[in-house]
Amino acid sequence: MGGRRAFITGVTGQDGSYLAELLLKKGYEVFGLVRRLSSPNMSNLQTVREELHTLDGDLTDQSSLSHAVKLADPEEVYNLAAQSFVATSFSQPVLTGEITGLGVIRLLEAVRAHNPSVKFYQASSSEMFGHIAQEPQDETTPFHPRSPYGVAKVYAYWACVNYREAYGLPISNGILFNHESPRRGLEFVTRKISDGVARIALGKADSITLGNLEARRDWGYAPDYVDLMWRTLQQSEPGDFVGATGEAHTVREFLQEAFKVAGIENWEGHVKTDPKFNRPAEVYALRGNPAKAKRVLGWEPKVRFKELVRIMVRADLERLSKGQSGA
Ligand code: NAP
Ligand code: F7E
């Protein structure tokens with residue numbers, strides 16, 4: 001008790017759980033917003049359950065946010081909560097806009113009313129670049145989102161810039177490219193592959209069914225990216241930073257590498273495609289330029305592509321060989 005106070009929304013998710021671990025290690029008192037679900041999903045928080053203070057609330061509910069911010073009384077706010085799955089944003093566009101877009105304004109209003117000197121981090125996304133205007137993408141690349149998720153993140157990004165300019169609030173955006181881990185949701189392509197390959201290796205499945213194998217992404221490791229979030233809020237001036245590895249690979253390359261880690265040859269025989277996994281508008285290729293984060297924040301991702309695939313496949317092999325089927 002008695003350290004700096006941080007408030008994290010989205011604490012039950014992939015990034016929120018790694019960030020809570022990092023901040024607790026640094027001596028922060030950490031408060032996390034948790035929404036009501038019929039069965040609680042605290043599986044990512046096993047390592048921090050004892051120390052983390054949870055507060056009830058939802059990004060769609062203004063009064064719960066105002067109340068939680070008042071109780072946490074933080075110096076730093078990390079807004080990581082979102083409907084974050086791009087495919088779902090096509091089937092639930094209004095909900096995605098409510099949470100991922102308008103939710104940010106609700107939280108900004110809660111913070112502004114409570115204490116305008118709070119440092120605020122917004123989880124912005126490379127999905128804002130969408131149909132890319134230049135390669136690689138950096139902080140100056142124009143946005144052209146390709147999904148209701150991307151559109152909501154662009155709204156949220158500009159809301160943050162606007163509140164910074166209008167009210168002088170210390171708000172920063174991390175424009176992060178894809179980052180993954182064994183805590184990634186099972187519906188995202190990297191985890192779907194690592195889980196599927198592990199099931200095939202253990203004789204629990206024959207194949208994986210995917211969409212566009214030629215999509216290209218700049219994939220990094222989530223624990224490296226939460227370090228960028230923290231570094232962003234340690235600056236004396238707010239700013240916007242791209243977080244990326246600078247390297248891009250296709251879904252096909254991810255598959256090849258994952259099967260290799262599991263020691264399975266002739267991987268193509270285990271992979272099917274189904275157009276139902278294609279998106280109405282696809283983001284074909286993304287690759288970031290993290291030079292500003294390196295220069296200003298001293299940030300560099302440590303885990304590269306092959307190591308990331310190894311970490312994820314090994315974690316799923318271990319989990320599934322113990323007979324645990326959940327995430
Ligand atoms: P995630 O695993 O999907 O976690 C999302 C979190 O948001 C969960 O804790 C979820 O709670 C919470 N949430 C969803 N709806 C909510 C609501 N209405 N009210 C309050 N909380 C709500 O996402 P992630 O991968 O950790 O990503 C963290 C943030 O970074 C997200 O904003 C995402 O859009 C953004 N981002 C992610 C990446 C990436 O590659 N991972 C890249 C760029 C930006 P439940 O557990 O209750 O569902
Ligand atoms: O798709 C292709 C799919 O769902 C990656 C979120 O964290 O990162 C994430 O968004 C690519 C796409 O992530 C399947 O079409 C092929 O081109 O793993 P994903 P995403 O859409 O890049 C950004 C930065 C965020 O901000 C988001 O919150 O893979 N793909 N076959 C597939 N994708 C999925 N999910 N499933 C497939 O079967």
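1. In this predicted model, the shell around ligand 2 is made up, by class, of eleven nonpolar, six polar and seven charged residues. In total, 24 residues surround the ligand, and the closest of them are S84, S125, Y149, K192 and R279.

2. The shell around ligand 2 is drawn from two domains, with at least three residues coming from each of domain 1 (5–179 + 220–243) and domain 2 (185–218 + 248–286 + 304–321).

3. Some polar atoms of the protein can be placed against oxygen atoms of ligand 2. For S84 the atom concerned is a backbone N or O atom, which lies 2.7 Å from an oxygen atom of the ligand, and for V189 a polar backbone atom is 2.8 Å from an oxygen atom of ligand 2. R184, by contrast, contributes through its side chain, an N or O atom of which is 2.9 Å from an oxygen atom of ligand 2. Taken alone, ligand 2 exposes 700 Å², of which the protein buries 96%.

4. Turning to the fold, seven strands form an open sheet with parallel pairing, and their order is β3-β2-β1-β4-β5-β6-β11. The edge strands are β3 (53–56) and β11 (240–243), each of which pairs on one side only, and from one strand to the next the twist averages 20°. As a general point, the strands of a sheet pair through backbone hydrogen bonds, either parallel or antiparallel.

5. At the β3 edge, the partner is strand β2 (residues 29–34), which pairs with β3 in the parallel sense over four bridges. Within this pairing, F31 has H53 of β3 as its bridge partner.

Notes
Residues are numbered from 1 along each chain as its sequence is written. Chains are lettered from A and ligands numbered from 1 in the order in which they are written. This is a predicted model: local features need pLDDT of at least 70, side-chain atom pairs count only at pLDDT 80 or more; totals for chains, interfaces and linings use all residues. Side-chain values use heavy atoms; hydrogens and water are left out. A residue is near a molecule or strand if one of its heavy atoms lies within 4 Å of it. A polar contact is a pair of N or O atoms within 3.5 Å; within protein, one must be able to donate a hydrogen and the other to accept it, and residues adjacent in sequence count only if both atoms are side-chain atoms. Accessible areas come from the Shrake-Rupley method with a 1.4 Å probe; for residues, only the protein chains shown count as cover. Ala, Val, Leu, Ile, Met, Phe, Trp, Tyr, Cys and Pro count as nonpolar, Asp, Glu, Lys and Arg as charged, and the others, Gly among them, as polar. Domain bounds come from an automatic or database domain assignment. Two strands pair if DSSP finds at least two bridges between them. Helices (H or I, at least four residues) and strands (E, at least two) are DSSP runs, numbered from the N terminus. Axes are lines fitted to C-alpha atoms, for helices over the stretch in contact, and angles run from 0 to 180 degrees between N-to-C directions.
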